[in-house]
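Trainee: Please take me through this model. Keep it brisk.

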Amino acid sequence: MAELLVILPTRAAVLLLFFATVSGSTGPGSRESRGSSRIPSQFSEEERVAMKEALKGAIRIPTVSFSHEESNTTALAEFGEYIRKAFPTVFHSNLIQHEVVGKYSHLLTVRGSDPSLQPYMLMAHFDVVPASEEGWEVPPFSGLEQNGFIHGRGALDNKNSVMAVLQALELLLIRKYSPKRPFFIALGHDEEVSGTKGAQQISALLQTRGVQLAFLVDEGSFILEDFIPNLKKPFAMISVTEKGALDLMLQVNMTPGHSSAPPKETSIGILSAAVSRLEQTPMPNMFGNGPLKKTLKLLANEFSFPTNIILGNLWLFRPIVSRVMERNPITNALVRTTTALTMFNAGIKVNVIPPLAQATVNFRIHPSQTVHEVVELVQNIVADDRVQLHVLRSFEPLPVSPSDDQAMGYQLLQQTIQSVFPEVKIIVPGICIGNTDTRHYVNLTNGLYRFNPVFLKPQDFSSVHGINEKISVESYQNQVKFIFELIQNADTYSKPVPHQHEL
Ligand SMILES: CCCCCCCCCCCCCCCCCC(=O)N[C@@H](Cc1ccccc1)C(=O)O
Ligand SMILES: [Zn+2]
Ligand SMILES: [Zn+2]
């Protein structure tokens with residue numbers, strides 16, 4: 001090929017090279033030009049030990065977000081000191097600018113050798129939800145290693161990602177790797193209580209600097225195992241959108257009085273009936289709208305008869321599939337706006353009819369609905385003027401990011417999954433049922449991807465915000481490897497040439 005190019009006129013040579021590269025390619029991996037500067041993701045035993053010890057140390061710092069107003073600020077500050085010490089090469093590199101934003105969050109700007117390339121961003125958060133010791137096999141802030149697992153709050157959500165990103169960069173820099181494409185690392189300190197002091201401030205700062213990102217990667221999905229009956233193979237789900245949210249306070253005010261002569265209805269009774277109606281009346285099933293159709297279409301081939309036929313022909317079997325999805329809380333959350341009664345307060349004394357009863361309901365809004373539509377549905381379901389509705393907080397579902405073969409972020413994730421986890425043959429776009437800090441960055445990019453390169457089973461999912469959260473040492477080392485590869489893949493990525501008929 002090289003000799004041929006020398007004798008062909010330049011334009012023809014470029015075209016020939018184009019088609020030679022595209023023909024027979026099965027994914028972006030085969031499209032990239034791998035230079036000799038690529039560094040293999042092989043780590044010495046000493047490095048492997050150091051990386052797991054660094055994660056354990058991070059878990060031992062109780063960076064708890066209790067509420068929007070209250071967090072363990074001593075621990076948040078200590079965490080900042082900790083990462084500086086654990087990753088000296090990163091924090092002393094003249095390729096990297098480090099800024100503390102919103103007092104405790106961290107923004108690292110990694111200079112690329114080719115500033116004409118559009119930057120991307122790797123995100124994670126290091127605050128955690130509270131954990132009392134009750135029910136834990138080992139204390140939640142001990143970072144103990146047992147049977148190949150590192151235990152503790154934050155092991156999956158999300159200190160693993162904070163540490164893996166910094167660790168991978170540290171190892172690349174130690175090997176004298178110089179990134180070609182600029183990128184940012186944004187580490188939030190208040191994701192668990194909305195991200196307004198961390199991610200939102202970082203985003204505002206980047207906007208003032210006129211930054212536009214090619215894509216970003218945050219937490220929010222995993223390599224899933226045993227989530228779907230009859231699908232034994234693991235599949236990687238890259239979430240391309242995320243549900244919206246609405247926190248609604250329902251309030252009933254009645255005249256207080258003596259409990260010995262109660263009125264026919266009390267504030268507690270009226271409010272209980274209202275929230276019970278909400279719980280008993282699920283929001284409409286929206287299956288068939290949004291990215292879930294593509295998810296199921298791609299999964300269809302992995303099932304045996306007759307599930308493959310059913311999932312492959314949703315135009316016909318949509319009612320059956322949508323019913324089946326409703327049966328399980330996780331798949332139910334993918335097909336509708338969910339309603340969760342989370343707080344209920346009323347009463348001051350056993351013999352006093354209370355004047356005030358309040359309940360808070362947390363809705364997670366399906367990508368094909370809006371906050372306004374959900375409030376209207378709630379009004380119709382409650383259908384009682386004595387129940388006042390107060391919107392405490394709301395945001396719309398996030399836009400759907402592209403997952404086609406021109407979508408750089410999606411393709412890079414896919415390529416890296418294929419090389420680091422060759423056993424994972426299925427990669428699908430999906431919906432994130434929880435919320436992440438990505439929503440603060442919608443002005444910076446349309447490529448918002450949520451993916452943790454970690455295997456997750458349903459019982460592991462329960463440990464996130466629950467008890468006995470843990471990550472296997474092997475999983476964590478693979479996460480470091482994944483980021484190590486991803487950074488290099490971003491440097492060698494070139495957009496695929498559209499197929500001939502699209503030219
Ligand atoms: C076709 C079948 C597919 C099966 C899909 C199975 C999906 C299971 C994977 C679930 C992963 C979900 C990860 C969610 C990460 C959410 C992070 C989080 O907890 N965020 C908080 C943020 C928040 C929101 C509001 C106030 C304070 C904090 C959350 O509550 O969402
Ligand atoms: Zn998280
Ligand atoms: Zn969380």
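Mentor: Start with a term: domain bounds come from an automatic or database domain assignment. This is a predicted model, where local features need pLDDT of at least 70, side-chain atom pairs count only at pLDDT 80 or more, and totals for chains, interfaces and linings use all residues. Residues are numbered from 1 along each chain as its sequence is written, while chains are lettered from A and ligands numbered from 1 in the order in which they are written.

Trainee: Into which domains is the protein divided?

Mentor: One domain is made of two stretches, 45–221 and 402–492. The other is a single stretch, 240–395. The names are domain 1 (45–221 + 402–492) and domain 2 (240–395).

Trainee: Which element gives the most to the side of domain 1 that touches domain 2?

Mentor: The contact takes 15 residues from domain 1 and 18 residues from domain 2; two residues are in contact if their C-beta atoms, placed from the backbone, lie within 7 Å. Strands S16 (426–432) and S17 (448–450) each give two or more residues to the domain 1 side. Strands (E, at least two residues) and helices (H or I, at least four) are DSSP runs, numbered from the N terminus. With six residues, the top giver is S16.

Trainee: How many residues surround ligand 1?

Mentor: A residue is near a molecule if its C-beta atom, placed from the backbone, lies within 6 Å of it. Domain 1 and domain 2 each supply at least three residues to this shell. The closest are Gly220, Phe227, Ile330, Gly434 and Asn435. The count of residues around ligand 1 is 20.

Trainee: Over how many bridges do S10 and S14 pair?

Mentor: Two strands pair if DSSP finds at least two bridges between them. Strand S10 (residues 244–253) runs antiparallel to strand S14 (residues 356–365). Alanine 245, for instance, has arginine 364 in S14 as its bridge partner. The number of bridges between S10 and S14 is ten.

Trainee: Which residue in S14 stands opposite threonine 339?

Mentor: S14 also pairs with strand S12 (residues 338–346), in the antiparallel sense and over eight bridges. Opposite threonine 339 in S14 stands phenylalanine 363.

Trainee: What share of residues 241–384 is helix?

Mentor: An unreviewed UniProt entry annotates this stretch as "domain: Peptidase M20 dimerisation". UniProt positions follow the numbering used here, feature names are shortened, and annotations may be inferred rather than shown by experiment. The strand share is 24%, and the helix share is 42%.

Trainee: Is lysine 176 buried or exposed?

Mentor: Lysine 176 sits in the loop between H6 and strand S6 (183–188). Its phi is near 65°, a positive value in a residue other than glycine. A residue is buried if 20 or more other C-beta atoms, placed from the backbone, lie within 10 Å of its own, exposed if 12 or fewer, and partly exposed in between. Lysine 176 has 8 such neighbours, so this residue counts as exposed.

Trainee: What is omega of the cis peptide bond between phenylalanine 305 and proline 306?

Mentor: Proline 306 lies in the loop between helix H9 (292–300) and helix H10 (307–312). For the cis bond that joins phenylalanine 305 to proline 306, omega is about 5°.
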